[in-house]
Amino acid sequence: MKKKRLGLSLSLLLTAGMLLGGCGQAKEDKAAEEGKGNGFSVAMVTDVGGIDDKSFNQSAWEGLQKFGEENGLKKGKGGYDYLQSQSDADYATNLNKLVRSKFDLIFGIGFLMTDAITEIADQKPNNKFAIVDSVVEKPNVASIIFKEHEGSFLVGVVAGLTTKTNKVGFVGGMEIPLIEKFESGFLAGVKAVNPNATVEVQYAGAFDKADKGKAIASSMYASGIDVIYHAAGATGNGVFSEAIDLKKQDPNKEIWVIGVDRDQYEEGKIPGTDKSVTLTSMVKRVDVAVYDLATKTKNGNFPGGQAVEYGLKEDGVGIAPSTDNLSQDVLKAVEEWKQKIINGEVKVPKTREEYKEFEATLKK
Amino acid sequence: MNSNRLTNIMIPIFAVLLGILAGAIVMIVSGYDPIAGYSALLYGAFGDRYYIGETIRQVTPYILAGLAVAFAFRTGLFNIGVEGQLIVGWLAAVWVGVSFELPKFIHLPLAILAAAIAGALWAFIPGILKARFKVHEVIVTIMMNYIALHVSNAIIRSVLSDQGFKSEKIHASASLRSEFLQSITDYSTLHYGIIISLIGAVVMWFLLEKTTKGYELRAVGFNQHASHYAGMNVNRNIVLAMVISGAFAGVAGAMEGLGTFENISVKAGFTGVGFDGIAVALLGGNNAFGIIFAAILFGALKVGALEMPSSADVPTELVDIVIALIIFFVASSYLIRLVLNRFKKEGK
Amino acid sequence: MEYVIEMLNIRKVFGNFVANDNITLQLKKGEIHALLGENGAGKSTLMNVLFGLYQPDGGEIRVKGKTVKIANPNVANDLGIGMVHQHFMLVDTFTVTENIILGSEPTKRGQIDMKRAEQEVRELSERYGLAVDPTAKIADISVGMQQRVEILKTLYRGADILIFDEPTAVLTPQEIQELIQIMKTLVKEGKSIILITHKLKEIMEVCDRVTVIRRGKGIGTLNVSETNPNELAAMMVGREVHFKTEKKPPKVGKPVLEIKDLVVKDSRGVTVVDHLNLTVHSGEIVGIAGVDGNGQSELIEAITGLIKSESGSIKLNGKEIRNLTPRQITEAGVGHIPQDRHKHGLVLDFPIAENMVLQTYYKEPYSKNGILNFKKIYEKARQLIQEFDVRTPDEYTKARALSGGNQQKAIIGREVDRDPDLLIAAQPTRGLDVGAIEFIHKRLIEQRDKGKAVLLVSFELDEIMNVSDRIAVIYEGKIVAIVDPKETTEQELGLLMAGSKRKEAGVSS
């Protein structure tokens with residue numbers, strides 16, 4: 001009986017504490033509001049991947065951190081911050097939460113946030129928003145898009161020149177127009193330098209299923225494919241782990257993974273050696289874009305209603321700085337093709353339709 | 001009699017308190033401030049009208065999913081397939097929502113009805129397999145979840161969009177959204193679905209407790225042999241129970257499709273609402289009105305938890321652990337019942 | 001005088017309810033001591049106190065002269081007290097030996113020494129004449145054998161005081177005789193036995209002394225040789241009890257139930273009812289006597305539509321009802337008091353009231369247009385509770401909370417109230433005490449006198465002899481004899497039931 005009463009009073013105490021804490025909370029908010037005014041604050045909402053997804057959420061957060069540090073901001077309200085979403089029902093709530101915390105610029109990271117950003121942009125016309133990887137045509141939204149097909153073309157060139165079996169694989173996350181850009185550019189790059197190579201394309205159906213990525217990679221490597229390019233977020237981690245497992249069993253096996261979004265050389269490290277299965281990575285400088293857009297906005301140049309494109313020319317995409325696994329010949333070829341693309345000599349396809357046309361020109 | 005009822009109410013409350021306490025311990029051990037954490041949770045769920053709106057919005061599908069699980073359970077069936085039934089209901093509702101242009105008073109009910117029928121059909125399959133061939137419904141419903149997920153993804157890609165990842169937005173005439181509700185909750189995604197789920201709870205209560213059909217379903221749930229002996233058609237009741245359960249789940253999907261999202265997008269994984277519905281039903285004691293309270297708790301935890309990382313610096317993973325602990329203690333309510341009874345005896 | 005156990009002035013209170021009120025029980029070494037009382041009199045409470053499951057609120061327990069405190073069953077075990085439970089606690093898929101050693105396995109280098117265990121079990125079994133095969137699987141042996149395994153379990157743990165909780169409730173007449181032999185052997189070997197029972201016949205046959213309790217109070221301890229069943233029954237119930245149920249000669253009318261060449265197969269395709277013929281007339285009680293497993297259950301389930309029959313004919317009032325649904329058969333005028341009241345008779349988690357309309361809920365006045373009318377249901381329940389003396393706090397109480405006798409009364413009330421032309425009663429008094437049995441027998445005879453046909457199935461020969469107007473003996477799915485209870489003896493019936501003697505009797509009358 002005594003114990004029961006003790007438990008009851010404890011829980012009452014706890015409840016009371018929570019209520020009081022709730023009041024304190026409100027005060028703090030006001031304080032944050034008053035303390036602000038001269039500073040510029042910026043925040044982002046991740047999709048379900050989170051800021052440690054070793055992919056574009058992480059990359060975006062790195063850009064935001066860099067911006068924050070350079071401008072002397074603190075993490076948290078009134079500085080720079082992020083919120084992670086647990087499910088797609090949380091996007092709108094999280095965006096709203098940031099609006100209520102009075103951030104000056106709010107990023108939605110990833111195309112999945114498109115609807116939520118569209119809606120909140122109407123509801124909060126005085127707030128500034130930005131979305132990565134999608135286009136939202138609202139005066140208070142800036143859209144950041146990348147020419148992933150251009151970067152993918154370059155890693156396609158690497159893959160085409162590296163493969164010994166003339167079999168190359170592509171693992172996509174979801175079958176959506178965005179990933180189609182990766183696929184088309186990659187295919188074009190491979191075929192441009194190695195018309196005999198075949199590319200097997202598979203989609204995992206998700207960006208957060210590493211187990212699925214591993215399964216697909218396993219069957220691809222078993223079928224003789226020696227280079228796999230993944231554009232699948234955290235699903236791609238499975239591709240790395242499969243390649244590393246195979247390398248551990250047989251260190252002489254020549255298999256490679258091409259990373260995406262960031263320099264994924266570290267992800268490909270084989271434990272106990274200083275080698276990596278990462279051939280190269282198609283880096284999408286979300287950090288550059290986020291940093292760039294935050295800086296522009298701080299200086300009063302918010303490109304509202306515009307879609308800002310980041311391609312090879314803007315250094316928004318490209319191949320990773322880690323080139324240990326690439327020969328000089330390959331690097332040279334990459335540099336040549338890069339110049340051709342920047343000059344406009346080569347037009348890289350960004351849909352399957354455009355790829356068919358591109359393929360036709362190759363055959364001539 | 002009365003003390004029994006009291007115990008039944010005390011147990012879930014105790015479970016929740018224990019879960020909160022255990023969560024606090026986990027936070028302390030990991031070096032976070034539990035008071036700050038929980039006050040952030042509370043603030044994020046009820047702190048102002050926007051959050052209240054979001055919480056109610058989240059509660060809406062939870063009530064219906066909980067009712068779906070509970071309805072089957074009261075009839076002695078374990079419907080793990082609420083998740084899949086919810087997804088097909090969502091799909092059907094959006095499909096009707098985008099395909100027709102009708103006056104609201106026809107369009108909206110039609111869309112909800114389509115969702116109910118889709119969910120019911122999805123549950124009919126495990127029901128008939130159970131009744132005819134004694135295939136265990138748990139296995140079939142789990143498998144049906146995956147089929148629902150992938151089939152609806154394929155339909156979204158090929159029928160509801162042109163190889164895109166989401167459908168068009170539904171016509172306003174099929175929407176549950178309301179300017180009025182948004183204006184009083186500062187642009188939350190609150191919609192009229194909450195009224196439908198409350199009606200759903202009343203319907204379930206009435207159906208089970210007041211009708212001859214409900215009497216049969218409950219009898220079959222408690223004792224199939226006695227029901228057979230009494231002249232009830234056990235198999236037909238099993239199928240009926242699954243169908244009604246599936247209809248509730250389908251309507252839960254309609255809440256998401258016609259209210260929260262107003263469209264449907266390709267899903268990488270399950271929404272989780274159907275699975276949480278199992279915990280909601282458990283916590284609510286499979287009772288229509290208990291489920292409303294349990295759904296409020298879950299909705300508040302879910303929405304409030306989003307505030308914990310930003311206000312109290314508690315990492316998202318820890319929030320998940322705290323919520324899981326609460327569910328754990330609810331699920332082990334049997335233990336709590338044992339302890340409570342012990343106290344009672346010693347008290348005497 | 002040497003007592004191995006003395007329970008002196010034991011008092012046990014639950015809330016406001018005094019379960020044991022200063023009960024004294026003294027067990028001599030080497031005796032079989034009966035503990036007699038109606039259901040709910042406090043027998044189980046008293047034994048649970050002795051076995052350490054409950055702590056007494058007053059009184060003293062002495063084992064072999066020493067005062068002890070029995071805090072839990074392990075202490076009881078250590079004191080040499082063993083209990084043979086009514087509901088066996090055995091693992092079906094384990095062997096006899098595995099079940100016996102469970103919890104106190106002999107080990108050799110960390111492994112179970114199964115050989116030694118088997119040897120020990122075999123020796124014990126032979127010493128006490130139990131004839132148990134140590135290597136048989138529990139699932140494969142008969143109920144009687146399983147009970148012996150329970151006995152061996154207590155012996156294996158070194159018990160010399162054995163408590164038997166209603167051991168004969170689950171046994172056939174033959175098995176009961178064998179058990180009585182075993183108990184006598186045990187006593188001869190120096191064990192002492194407490195036998196919990198409400199069956200007077202067994203007490204008279206096997207016990208040395210008897211302690212009677214009624215409503216929690218000790219009524220007295222008698223030497224069995226100095227008493228008789230009537231005195232014991234009166235002590236137990238608190239009034240005179242009539243064993244021979246008074247009944248008028250039957251007024252037999254037209255045939256109500258006519259069964260011809262009925263064949264029923266079980267789920268494995270084995271013929272369990274084999275071209276059976278039987279007729280029951282209005283105004284008579286036909287008792288079916290037989291050893292369990294000779295097709296009785298299947299016969300009744302086939303008549304009531306719970307299982308399908310292969311061929312033959314079942315007519316009720318001249319109309320064919322074979323293989324109709326249970327509801328159609330119920331509506332045609334069949335009432336059924338099922339053998340297993342928990343499995344078939346009641347929805348235990350429903351209130352009494354809802355159980356009272358289990359077959360009629362869909363009819364007016366209990367419902368209209370699919371909506372239940374609880375007012376009428378409660379009214380009906382109150383009426384039946386009063387009429388059939390169902391002891392329950394109210395009609396909202398769950399059926400589970402009632403004692404077995406009151407559950408059975410509720411079922412009988414429900415079935416009789418529907419006024420069926422044929423009332424089937426399967427084991428209607430199983431596990432009930434004398435008072436309830438008397439009540440139920442009266443009700444069956446009352447139905448007969450009202451011109452109904454009654455079909456009674458029972459494994460209790462006393463009951464069959466006492467209540468029936470005609471006895472049909474079933475053996476291997478056939479009615480092998482029809483006898484008049486006034487002209488037969490238990491011995492003759494026993495032989496017929498064992499299939500050793502076929503009486504040339506009219507199969508239909």
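Trainee: Okay, two strands pair if DSSP finds at least two bridges between them. With that settled, what stands opposite C:K315 in strand 17 of chain C?

Mentor: C:E320 does. Keep in mind that this is a predicted model. C:K315 falls within strand 16 of chain C, residues 311-316, and strands 16 and 17 of chain C pair over two bridges in the antiparallel sense.

Trainee: What sits in the loop between strand 16 and strand 17 of chain C?

Mentor: C:N317 is in that loop. Its phi is positive, about 50°, although C:N317 is not a glycine.

Trainee: Is C:N317 buried or partly exposed?

Mentor: Partly exposed, with 16 other C-beta atoms within 10 Å. Being buried would take 20 or more.

Trainee: And what sheet do those strands belong to? In what order do the strands run?

Mentor: It's an open sheet of four strands in chain C, in the order 14-13-16-17, with antiparallel pairing. Strand 14 (271-281) and strand 17 (319-320) of chain C each have a single partner strand, so one side of each has no neighbour in the sheet.

Trainee: Which helix packs on that sheet?

Mentor: Helix 9 of chain C, residues 296-304, touching strand 13 (255-265), strand 14 and strand 16 of chain C. The direction of helix 9 of chain C makes about 65° with that of strand 14 of chain C.

Trainee: New topic: strand 15 of chain C. How many of its residues are buried?

Mentor: Five of its five, over residues 285-289. Both faces are covered: C:I285, C:G287 and C:A289 are buried on one side, C:V286 and C:I288 on the other.

Trainee: Which strands does strand 15 of chain C pair with, and is that parallel or antiparallel?

Mentor: Parallel both times. Strand 22 of chain C (residues 453-458) pairs with strand 15 of chain C over five bridges, and strand 23 of chain C (residues 470-475) is joined to strand 15 by four bridges. For anchor points, C:I285 stands opposite C:V454 in strand 22 of chain C, and C:A289 stands opposite C:V473 in strand 23 of chain C.

Trainee: What holds such strands together in general?

Mentor: Strands of a sheet pair through backbone hydrogen bonds, and that can be parallel or antiparallel.

Trainee: Zooming out, what does chain C look like overall? How many helices and strands?

Mentor: 17 helices and 24 strands. The C-alpha atoms fill a box of roughly 70 × 50 × 50 Å along the principal axes. The radius of gyration of chain C is 25 Å, which agrees with the value near 23 Å for a compact globule of 509 residues. Buried residues make up 46% of chain C. Of the contacts in chain C with a separation of 6 or more, 68% are between residues 24 or more positions apart.

Trainee: What domains does the assignment give for chain C?

Mentor: Domain 1 covers 3-237 and domain 2 covers 255-497. Their C-alpha centres lie 33 Å apart. Ten residues of domain 1 of chain C are in contact with twelve of domain 2 of chain C.

Trainee: Which element gives the largest share of the domain 1 side?

Mentor: Helix 8 of chain C (residues 229-237), with three residues. By class, that side of domain 1 of chain C has five nonpolar, four polar and one charged residues.

Trainee: On to the chains. How many residues are in contact between chain A and chain B?

Mentor: 29 of chain A with 33 of chain B. Helix 1 (2-35), strand 2 (80-83) and helix 3 (90-100) of chain A each give two or more residues to the chain A side, and helix 1 of chain A gives the most, with eight. The classes on that side are ten nonpolar, twelve polar and seven charged.

Trainee: How many for chain B and chain C?

Mentor: 15 residues of chain B are in contact with 23 of chain C. On the chain B side, helix 9 (212-222) and helix 10 (224-229) of chain B each supply at least two residues. Helix 9 of chain B gives the most, five. The chain B side divides into six nonpolar, six polar and three charged residues.

Trainee: Last one: what's up with the backbone at B:D186 and C:P365?

Mentor: B:D186 has a phi near 55°, positive in a residue other than glycine. B:D186 is in the loop between helix 7 (179-184) and helix 8 (193-210) of chain B. With 18 C-beta neighbours inside 10 Å, B:D186 counts as partly exposed. As for C:P365, a cis peptide bond joins C:E364 to it, with omega about 5°. C:P365 lies in the loop between helix 12 (352-356) and strand 19 (367-368) of chain C.

Note on methods: Residues are numbered from 1 along each chain as its sequence is written. Chains are lettered from A and ligands numbered from 1 in the order in which they are written. This is a predicted model: local features need pLDDT of at least 70, side-chain atom pairs count only at pLDDT 80 or more; totals for chains, interfaces and linings use all residues. Two residues are in contact if their C-beta atoms, placed from the backbone, lie within 7 Å. Axes are lines fitted to C-alpha atoms, for helices over the stretch in contact, and angles run from 0 to 180 degrees between N-to-C directions. Ala, Val, Leu, Ile, Met, Phe, Trp, Tyr, Cys and Pro count as nonpolar, Asp, Glu, Lys and Arg as charged, and the others, Gly among them, as polar. Domain bounds come from an automatic or database domain assignment. The radius of gyration is taken over C-alpha atoms; the globule rule is 2.2 Å times the number of residues to the power 0.38. A residue is buried if 20 or more other C-beta atoms lie within 10 Å of its own, exposed if 12 or fewer, and partly exposed in between; C-beta atoms are placed from the backbone.
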